[in-house]
Amino acid sequence: MECDRCGRPAVHYAAYSGAHLCETHLQQSVERRVRRRIRSDDLLPAEATPEDPVTWLIGLSGGKDSAVLTHILADTFGEDPRVELVALSVHEGIEGYRDESLDAAEELVADRPVRYVETGYEAEFDLQMDNIVEEDPWDMAPCAYCGVLRRDVLADRARQFDADVLLTGHNLDDEAETALMNIFEGDVSQMAQHYDASLAPLSERNGDGTFVPRAKPLREVPESEVALYARTADIPAHISECPYASDSFRGTVRDLLLELEEDHPGTRHSIMAGYEETAQFASQNRRSEDSGPSGTCENCGAPTDRGTCRACELRATLE
Ligand code: SF4
């Protein structure tokens, strides 16, 4: 097959749009969608100036999604004086898993205009995921513990760097899975939270200054296109699965989505379009009822509804 735009050999057929694309036009198409998302999410407001730039903290795991995101941001905004780019990698303390990803992350940022920071659960909490999983004090899935600690590290570093927004590499498949999971679980408050935390344009967020808003500029790009971009643009990225990745519900939803997309191309896009509208209603409803976390952790000062946040509780339990 030939590329619809230039006649060179196509490397990708996007069934949802009917487009055949060569390497160059696939890359341009991904970059265009990322830039469009950044504009529609208001990530670079008119008030940003070289004297008072915005700081974007990028969660860089070293996997293909965050690597592609970091590459595109560095390429597009690396020389823009209105934007400061900081990439943060977090080592969870999982033997044989994260080391190679962090090597890839270091290689990626070595020749790009991005400040790079590396930390880990060991350095931050004196904890390692391997030990937590072995002790399993709260009888939870590994990812639940990992989520508590990662949220804490990201929020803490975002405050430390005075970041305006935390950007992550979630792609269209990730987001459509999350949307379907929330719908299947009937979790309306989770939908509202999802919308407030990362789907709404920055200018519409109802933040109180304690939570750093999230953004997912790759959320219109299917995973297969991100993977192809990484391969064709020769982006350093490490592809391996965490040994604790055992979220069976997400796995079931992923398989279902793949099947639906195969039979009905465009399903992921239409799920997200309808979901965003529903999640926006849920968010408006929630805002009229309450205003989010009401206090801060008595131990570390992180925003929380309880006296002590979950990360401090976990640390205390393990001690
Ligand atoms: Fe942590 Fe789960 Fe991701 Fe592994 S799969 S890094 S345990 S969140």
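This note sets out numbered points on the predicted model shown above.

1. The main nonpolar core. The largest nonpolar core has 37 residues. Those with the most contacts inside this core are Leu43, Trp56, Leu73, Leu85 and Leu218. Two or more residues are given to the core by each of β2 (19–21), α1 (23–40), β3, α2, β4 (83–91), α3 (98–110), β6 (165–167) and α9 (223–232). The largest share, seven residues, comes from α2. As general background, nonpolar side chains in soluble globular proteins tend to be buried together.

2. A second core. Separate from the core of point 1 is a second one of 26 residues. Its members include Leu127, Met129, Val212 and Leu318.

3. Helix α2. This helix has 14 residues and reaches 20 Å from its first C-alpha to its last, close to the 20 Å expected at 1.5 Å a residue. Is α2 largely enclosed or not, and why? Twelve of its 14 residues are buried, so α2 is largely enclosed by the rest of the structure. The buried residues include Lys64, Asp65 and His71, as well as Val68, Leu69, Ile72 and Leu73. The elements against which the buried residues of α2 pack are α1, β3, β4, α3, β6 and α9.

4. An aromatic pair. A search of the whole structure finds three aromatic pairs. In one of them, the rings of Trp56 and Phe77 have centres 4.9 Å apart and planes at 75 degrees; this angle is over 60 degrees, so the pair is edge-to-face. Trp56 belongs to strand β3 (residues 54–59) and Phe77 to helix α2 (residues 64–77), so the pair ties together parts that are 21 residues apart in sequence. Both partners fall under the 20% limit for burial: Trp56 has a relative accessible area of 0%, and Phe77 has one of 10%.

5. The contacts of Leu85. Leaving aside residues up to four places away in sequence, Leu85 touches both rings' residues, Trp56 and Phe77. Its other contacts on that basis are Ile58, Leu73, Ala74, Gly78, Pro113, Val114 and Arg115.

6. Three buried helix residues. Where does Asn182 lie? Asn182 is in helix α7 (residues 172–184), and at 5% relative accessibility it counts as buried. Beyond residues up to four places away in sequence, Asn182 touches Asp187, Gln190, Met191, His194 and Tyr275. Val253 is in helix α10 (residues 248–263) and is buried at 2% relative accessibility. With the same sequence neighbours set aside, Val253 touches Glu177, Leu180, Met181 and Phe184. Val153, in helix α6 (residues 142–160), is buried at 1% relative accessibility. Apart from residues up to four places away in sequence, Val153 touches Val90, Thr119, Tyr121, Glu124 and Phe125.

7. Separations in sequence and space. Val253 and Ser89 are 164 residues apart in sequence, and their C-alpha atoms are 28 Å apart in space. For Val153 and Ala67, which are 86 residues apart along the chain, the C-alpha atoms are separated by 19 Å.

8. The ligand shell. Which residues are around the ligand? They are Glu92, Cys143, Cys146, Arg150, Cys242, Tyr244 and Ala245. By class, this shell has five nonpolar, no polar and two charged residues.

Technical notes:
Residues numbered from 1 in each chain as written. Predicted model: local features only at pLDDT ≥ 70, side-chain atom pairs only at ≥ 80, totals over all residues. Heavy atoms only, no water. Helix = DSSP H or I, 4+ residues; strand = E, 2+ residues; numbered from the N terminus. Buried < 20%, exposed > 50% of the residue type's maximum accessible area, 1.4 Å probe, protein only. Contact = heavy atoms within 4.5 Å. Phe/Tyr/Trp six-rings, centres within 6.5 Å; stacked < 30°, edge-to-face > 60°. Core = buried A, V, L, I, M, F, W, Y, C linked by side-chain atoms within 4.5 Å. Near = heavy atom within 4 Å. Nonpolar A, V, L, I, M, F, W, Y, C, P; charged D, E, K, R; others polar. Expected span 1.5 Å × (residues − 1).
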